[in-house]
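New to this one? Have a look at it first, and then we'll go through it in questions and answers.

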Amino acid sequence: MNRAFNRKKDKSWMHTPEALAKHFIAYNVKFLGHTEVDQPKGTEVVKDAVRKLKFQRHIKKSEGQKIPKVELQISIYGVKILDSKSKEVQYNCQLHRISFCADDKTDKRIFTFICKDSESNKHLCYVFDSEKCAEEITLTIGQAFDLAYKKFLESGGKDVETRKQIGGLQKRIQDLEAENSELKKQLQVLEEQLMIAQVPPGNSMSSKTPTDIFDMVPFSPMTPLVPLPASNGSAPPPPATPSEISSYIMDVRSRRDLFGAEPFDPFTCGAADFPPDIQSKLDEMQEGFKMGLTVEGTVFSLDPLEGRC
């Protein structure tokens, strides 16, 4: 393994200072993962971490899992690890927390760095796989350290504290963005559940007219009678007027029964409707009812005006 933190006065770097100070240098690599280490630096420390992560990667590869591709953004403020497709920041390793960086001379594709986690204060070793760019990436991180150190000397140490505050704010922004994304997902789930549980207004039970045990609408004198539509689907006829009702009654009275006789109507029958002998008998019976009947010495009066017996 090769240390990359030796700053020499005659060292010629690969990038311009402005590229790392005002922007960043990006590399597309494969991310083998990270693991906790006991020491903040040391060649043997990173060798053990590389062997451990390679073994874990072989197991995952046998299970069909591919090595994830990420994008490294290197600047004087740190090393960011982003998803290669979505560009979402997965890890933000601030430069003042990186204590060791090295590439593997036996395997030109592997390079690592050790960074102290801001939350757990544990030292984590990050391992990457790059196609013949491991040494270049290591030198780029070394150049970022050199520029950051010069800027530290020029500012009298004030810039370090500013970078710490900026790093803390960036971490807070990432946490808030992740929380906001989770809340949006929960809100979408709740909206879908609400749409499923919502009953359409046409099928609401509250709009249905109450009925009795025979499934009939109870009569209410305050409720107007509404004509029902005909069975053929046509509109119901308009309500009849009093004159139409009277005409209908007269028409019914003028009809005859099956035997050709006029139907009996108690409201229209009179004295002229019976023969004289029958009419005289009826008159006698009616007079007898008015005079009263004597049964065993008791008089029963059927006169409704007297109201006594």
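Q: How many bridges must DSSP find between two strands before they count as a pair?
A: A word on pairing helps before we meet any hairpins, and keep in mind that this is a predicted model. Two strands pair once the number of bridges that DSSP finds between them is at least two.

Q: How many residues sit between S3 and S4 in their hairpin?
A: Strand S3 covers residues 69-75, and it pairs with S4 in the antiparallel sense over six bridges. Two of those partnerships are leucine 72 with isoleucine 81 and isoleucine 74 with valine 79. The two strands form a hairpin, and the number of residues between them is two.

Q: Which residue in S5 is the bridge partner of isoleucine 81?
A: Strand S4 takes in residues 78-83, and it also pairs with S5, antiparallel over five bridges. In this pairing lysine 80 stands opposite asparagine 92. For isoleucine 81, the bridge partner in S5 is tyrosine 91.

Q: Which residue in the turn between S4 and S5 has a positive phi?
A: S4 and S5 form a hairpin with five residues between them. Most residues other than glycine have a negative phi. One residue in this turn isn't a glycine, yet its phi is positive, near 60 degrees. That residue is lysine 87.

Q: Is lysine 87 buried, exposed or partly exposed?
A: Lysine 87 is found in the loop between S4 and S5, and its relative accessible area is 42%. Buried would take a value under 20% and exposed one over 50%, with partly exposed in between. So lysine 87 is partly exposed.

Q: Which residue in the loop between S7 and S8 has a positive phi although it is not a glycine?
A: The loop to look at joins S7 to S8. The residue we're after has a phi of about 60 degrees, and at 45% relative accessibility it counts as partly exposed. It's asparagine 121.

Q: Which residue in S3 does alanine 26 stand opposite?
A: S2 and S3 pair in the antiparallel sense, with six bridges. S3 is mostly covered, as six of its seven residues are buried. Opposite alanine 26 in S3 stands glutamine 73.

Q: How far apart are the C-alpha atoms of glycine 33 and tyrosine 126?
A: Glycine 33 lies in strand S2, which spans residues 25-37, and at 13% relative accessibility it counts as buried. Beyond its neighbours within four places in sequence, glycine 33 is in contact with Leu53, Cys125, Tyr126 and Val127. Glycine 33 and tyrosine 126 are 93 residues apart along the chain, but their C-alpha atoms are separated by 6.1 Å.

Q: What share of the contacts between residues at least 6 apart in sequence join residues at least 24 apart?
A: Let's step back to the protein with its six helices and ten strands. Of its 309 residues, 24% are buried. Among contacts between residues at least 6 apart in sequence, the share that joins residues at least 24 apart is 58%.

Q: What is the volume of the largest pocket?
A: Rolling a probe the size of a water molecule over the atoms shows where empty space is left. The largest pocket is lined by 20 residues, with Asn92, Cys93, Asp117, Ser118 and Lys171 nearest its centre. Strands S5, S7 and S8 and helix H4 each give two or more residues to that lining. The volume of this pocket is about 320 Å³.

Q: How many residues of the lining of the largest pocket are charged?
A: The lining divides into three groups. Five of its residues are nonpolar and nine are polar. The number of charged residues is six.

Q: Between which domains does the largest pocket lie?
A: We can tell from who gives residues to the lining. Residues come both from the domain at 17-155 and from the domain at 157-196. The pocket therefore lies between domain 1 and domain 2.

Notes. Residues numbered from 1 in each chain as written. Predicted model: local features only at pLDDT ≥ 70, side-chain atom pairs only at ≥ 80, totals over all residues. Heavy atoms only, no water. 1 Å grid on protein atoms, 1.4 Å probe; cavity = no way out; pocket = protein on both sides within 12 Å on 5 of 7 lines; lining within 4 Å. Points joined across faces, edges and corners; volume = space filled by probe spheres on them. Helix = DSSP H or I, 4+ residues; strand = E, 2+ residues; numbered from the N terminus. Nonpolar A, V, L, I, M, F, W, Y, C, P; charged D, E, K, R; others polar. Domains from an automatic or database assignment. Buried < 20%, exposed > 50% of the residue type's maximum accessible area, 1.4 Å probe, protein only. Contact = heavy atoms within 4.5 Å.
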